[in-house]
Amino acid sequence: MSNKSLSLNGGGIMDKMTKHKDLIKVIIFLAFIAFCYFDSYFSIVGIRSCVNAMAVIGLVLISGYTRQIHLGQMAFVGLGAYTSAILMTKLGWNFWLTIPCAIIVAGLIGALLGIPTLRLRDGPYLALVTQIFGEVIYVLIINLEPLTGGTFGINGIPAPSVGSVSFANPSLLLLVTAAFTMLAFFVANKIAKSKYGRFFISIRESEAAAQSVGVNTMKYKIIAFTLSSAFAGLAGVFYAQCFGVINATEFRWSFSLELLSMAIIGGIASLEGGVLGAITLTVALEMLRPLGSAARMIAYGVLVILVLAFLPDGIISLIGKRWSEIKLMFSDRIKVFTDDRKKKRPKKAKVDA
Amino acid sequence: MLEIKNLTCHYGVIRALHDISMTIPDDGIFAVIGANGAGKTTLINSIAGLVTPTEGSINFNGTEITELHTKDVIRNGIALCPEGRRVFKSISVYENLVAGAYIMKDKKRVEENIEEVFRLFPRLKEREKQLAGTLSGGEQQMLAVGRALMTDPKLLLLDEPSMGLAPNLIDFVFETMERIHKELHIPIIVVEQNSEMALSVADYAYVLEVGEMTLQGTGQELLESDEVKNKYLGA
């Protein structure tokens, strides 16, 4: 009762609790990285997980927080990857310098695409435009052969190094990638907790209400989209490092859908959910590799449907809940499917004050 | 005093409002009635700065607000409660009110205004910590109005406050409106499809028809006018 604060993040006791939880999250992430570190195959899986996590962090900002459906995130990862790769192979730039460049290029192109698109009224426009944009980028990469290597892609992207220490070894590269993933998460988390995050959420909740209290919703949608693209650009830099080879087909729209489903399965409403989804699905897809690519995608699709059906808030909604609460959640969802005709289920039964 | 002169609005090539002029003094309840698509919401939105007029001017207490962004319109003392009970569903009632005053720097004033809203709507005080999405329709409407009152408005714009509410709640909404008017001494412009209710509480009212103002008069006059009776009151 007395715990009133003008922030939207609640008060002191909660802060302590979340700090505790934050620490656990970091430990789980580090444990995953440590597990991957000792095996060179798993190191690559770990790097891919981190790359996907960075791209999904961006997606959570635009599609989770602001609820604007983005179907072309992989194209922005591609922009980052190609920027970094071209600067390194053609101009001999230092790896570390290509990181800010990739972020800026992806973010800038994101802004250029977002400004006209998000000016259009609500609706599926952004989804349509971003999906087509991904294909345009693909065609451009194929045709700008002198710069991008066309259909052959770019090979032999040099590994990063500091002084005489080279990060060519996947285990070492994993550590660098993980460090940047944590940095990306930290930055995104700061944004999400800032007034920007609250504006993004207000757009998701009700654009009309947000406008009525004076939020320039168009501006904040464009900011969210630009940020999302910038995170994808960062992811791209490490994507290029992962195999040292990039090819235009890897950035087409089906991979953007993969990223979006990672975010949804993990829990698109929170950054933690997005990262969790990116890691679990990247690992799961690797484990399914022996099944062949068709069966893999089917398994993936089934997983998406199951999660949407039974865990609409993503896997993250299971975490930190008691078994009895989880059982209740599932029985609630099953009820929705069995007798929704008769009565709508009461939304999150709340105890009246 | 709000002065609207020769206001014309377009959505692309479609003309939504044509040559509207009205003067709203500093006290009273003013109703704008009309059928769907008559331009009522466009009128309210252009006052609030959500729609930029193609022609004409809007002046509030001596300040030209025609081209201002919503944020600055609110700073000038105009508050909008949008149609359809738009609340921020996944945050609490209290936080919704805080969000309503996000343009205000003075935190103490925000706290005072929250207390004021709770005084007007004790029901919201009871549900202070509850998520806004779990409120009933009537309570959400109260919250949307309360949120609009958070910025110390000198003019309140209400867009279809009775939309989608049960008949007994509609009475309540209009009573509340009269109460706000009486207690806060601010003029209210209410846009309504429920013409009978709107006219019965309004001091003065305007009728919009396909973007043009066809009739105006006191609420009583319009209630008794044959044209209004035929078209809007179904008598």
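This is a short tour of a predicted model, with a suggestion at each stop for what to select in your viewer.

**Stop 1: chain A as a whole**

Start by showing chain A alone as a cartoon. You should find 14 helices and two strands. Its radius of gyration is 21 Å, close to the 20 Å that the globule rule gives for 353 residues, so chain A is as compact as a globular protein of that length. Turn the chain around: along its principal axes, the C-alpha trace spans about 65 × 45 × 45 Å.

How many of the residues of chain A count as buried? The share is 44% of the 353 residues. Now think about contacts in chain A with a separation of 6 or more: 76% of them are made by residues 24 or more positions apart.

**Stop 2: a pair of helices in chain A**

Next, select residues 95-119 and 125-143 of chain A, which are helices H4 and H5. Two packed helices are described by the angle between their axes and the distance between the axes. Here the axes come within 9 Å and cross at roughly 150°, and the crossing is right-handed.

Show the side chains where the two helices meet. H4(A) brings Leu113(A), Thr117(A) and Leu118(A), while H5(A) brings Tyr125(A), Leu126(A), Val129(A) and Phe133(A). Six residues of this contact are nonpolar, one is polar and none is charged.

**Stop 3: where chain B touches chain A**

Bring chain B back into view. The contact between the chains takes 16 residues from chain A and 30 from chain B. Which elements of chain B give two or more residues to this side? They are helix H2 (70-75), strand E6 (78-81), helix H3 (93-100) and helix H4 (107-120). H3(B) supplies the largest share, four residues. By type, the chain B side divides into 14 nonpolar, seven polar and nine charged residues.

**Stop 4: helix H6 of chain B**

Now select residues 137-148 of chain B. This is helix H6, with 12 residues, and it reaches 17 Å from its first C-alpha to its last, close to the 16 Å expected at 1.5 Å a residue. Of those 12 residues, 10 are buried, so H6(B) is largely enclosed by the rest of the structure. Among the buried ones are Met142(B), Leu143(B) and Val145(B), as well as Glu139(B) and Arg147(B).

To see what surrounds the helix, colour its packing partners in chain B: the buried residues of H6(B) pack against E6, H3, H4, helix H5 (122-126), strand E7 (155-159) and helix H7 (167-184).

**Stop 5: Arg147(B)**

Stay in helix H6 of chain B and zoom in on Arg147(B). Is Arg147(B) buried or exposed? It counts as buried because it has 28 C-beta neighbours inside 10 Å, and 20 or more is the cut-off. Leaving out residues up to four places away in sequence, Arg147(B) touches Asn96(B), Leu97(B) and Gly100(B), along with Val213(A) from the other chain. Try a distance label too: Arg147(B) and Pro82(B) are 65 residues apart in sequence and 11 Å apart in space, C-alpha to C-alpha.

**Stop 6: two loops with positive phi**

Finish with two residues in loops of chain B. Select Glu160(B), in the loop between E7 and H7. Its phi is near 45°, a positive value in a residue other than glycine. Glu160(B) is buried, with 21 other C-beta atoms within 10 Å.

Then move to Val210(B), in the loop between strand E9 (204-209) and strand E10 (212-218). Val210(B) is not a glycine, yet it has a positive phi of about 35°. With 14 other C-beta atoms within 10 Å, Val210(B) is partly exposed.

How values were computed:
Residues numbered from 1 in each chain as written. Chains lettered and ligands numbered in written order. Predicted model: local features only at pLDDT ≥ 70, side-chain atom pairs only at ≥ 80, totals over all residues. Rg over C-alpha atoms; globule rule 2.2 N^0.38 Å. Contact = placed C-beta atoms within 7 Å. Nonpolar A, V, L, I, M, F, W, Y, C, P; charged D, E, K, R; others polar. Expected span 1.5 Å × (residues − 1). Axes fitted to C-alpha atoms, helices over the stretch in contact; angles between N-to-C directions. Left-handed = near helix turned anticlockwise from the far one by under 90°.
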